[in-house]
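Me: Please take a close look at one part of this model, the paired strands and the helices packed around them. I would like the contacts and the backbone geometry in one connected account.

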Amino acid sequence: MLTGIHFLLTYTCNFECDHCFLYCSPGTTGTFTLDQVNTTLDEAGKTGTINSVFFEGGEPFLYFPLLKESLALAKAAGFKTGVVTNAYPATSVNDAKLWLAPLQEAGLDFLSISNDEFHYGDAGDTPAGKALKAAEALGINTSPICIDRPQPVDNSAVEKDKGAPVTGGGPRFRGRAAEKLVKGLPLRPWESLNQCPDEDLTTPSRVHVDPFGHVHLCQGISMGNMWDTPLSELAAGYRPHSHPVVAPLVRGGPAELAKELGITPDKGYARGYVDECHLCYTVRKASLGRFPELLAPAQVYGTG
Ligand code: SF4
């Protein structure tokens, strides 16, 4: 049952991180208008099941007035609210309070703050750390998101899949991460990548929505376009087993998707991939022209 939506409020970001599963950067375009936020919240209410709304990006603090108003609208409509940010404006704990207090007043329930090497290198006293302290001082529920750089892991002592190459660390290899982070990592045979590890594609509990109208089941796999078909109707009419990308993924994971779309070694594609998402993303990127409405937008595939 769909209970949450995450707004990709903007694809623009002050950073350009290697681990981003989108292609966000200072030059990436695509930002919700306030009218679009309003329409989407109305539609979320009509589903009767969605009860939580997050705002993320890109970096939503880049559009602070829009973020604040969107939060207030979501709260007034009765949703639980959250924001995901890298907290770049937090030059000190006191200054971070200047940014966070208005969001708290607007109805912010939960704040996730990215605080890791990808965003801030090995700096100890990061803006994110200051924002975490400020949020705690204000009484805002908060938690850090810390993603490690991926490393090969020795799993020779593990009975299950003994000896199979494994990569440790946080990122999933899709979006820019599939291009920037896979070099030198151990590869697994493509046929073995036969399950989606992260998403319940059959009965999703949350989707991401973007300013172009895409309703993402996983980043870059669209349920449909909510500017063409209202979100509540899209959600009610979702049939995973007739979605041409989701159906193979449900039947047999990225390996089945690769087989059905013909992105296999006998057609010149690689035999090994770091993980399921690396194969899934590679297959999808090679198939963009076949499903332009469902595999989109360019901001996810780095093709814009
Ligand atoms: S396997 Fe594909 S659909 Fe599943 S989480 Fe990875 S990228 Fe998303």
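Reply: In this predicted model, strand β3 (residues 80-85) and strand β4 (residues 110-114) pair in the parallel sense, with 4 bridges between them. Within this pairing, Val84 of β3 stands opposite Ser112 in β4. Between the two strands the chain runs through α3, and the resulting β-α-β crossover from β3 to β4 is right-handed. The loop that leads from β3 into α3 contains Ala87. Ala87 is a residue other than glycine with a positive phi, near 60°.

The helix of this crossover, α3 (residues 93-106), packs against helix α2 (residues 64-76): their axes come within 8 Å and cross at roughly 25°. An angle under 35 degrees counts as roughly parallel, and α2 and α3 are therefore roughly parallel to each other. The crossing of α2 over α3 is right-handed. On the α2 side the contact is made by Lys68, Leu71, Ala72 and Lys75, and on the α3 side by Pro102, Leu103 and Ala106. By class, the residues of this contact are 5 nonpolar and 2 charged, with no polar ones.

Helix α2 also has a contact with helix α1 (residues 34-47). The axes of α1 and α2 come within 10 Å and cross at roughly 20°, which makes α1 roughly parallel to α2. This crossing, too, is right-handed. From α1, the residues in contact are Leu34, Val37, Asn38 and Leu41; from α2, they are Leu66, Glu69, Ser70, Leu73 and Ala74. The contact of α1 with α2 divides into 6 nonpolar, 2 polar and 1 charged residues.

Turning to the backbone ahead of α2, the loop between β2 (52-56) and α2 holds Gly58. The peptide bond that links Gly57 to Gly58 is cis, with omega near 15°. Further along the chain, a cis peptide bond also joins Ala296 and Pro297, where omega is about 0°. Pro297 belongs to the loop between α9 (276-286) and α10 (298-301).

To put the part together: β3 and β4 are parallel partners, joined through α3 by a right-handed crossover. Helix α3 is in contact with α2 through residues including Leu103 and Ala106, and α2 is in contact with α1 through residues including Leu66 and Leu73.

Conventions. Residues are numbered from 1 along each chain as its sequence is written. This is a predicted model: local features need pLDDT of at least 70, side-chain atom pairs count only at pLDDT 80 or more; totals for chains, interfaces and linings use all residues. Axes are lines fitted to C-alpha atoms, for helices over the stretch in contact, and angles run from 0 to 180 degrees between N-to-C directions. Angles under 35 degrees count as roughly parallel, over 145 as roughly antiparallel, 65 to 115 as roughly perpendicular and the rest as oblique. A crossing is left-handed if the near helix is turned anticlockwise from the far one by less than a right angle, and right-handed if clockwise. Two residues are in contact if their C-beta atoms, placed from the backbone, lie within 7 Å. Ala, Val, Leu, Ile, Met, Phe, Trp, Tyr, Cys and Pro count as nonpolar, Asp, Glu, Lys and Arg as charged, and the others, Gly among them, as polar. Two strands pair if DSSP finds at least two bridges between them. A crossover is right-handed if, with the strands pointing away from the viewer, the path from the first strand over the helix to the second runs clockwise.
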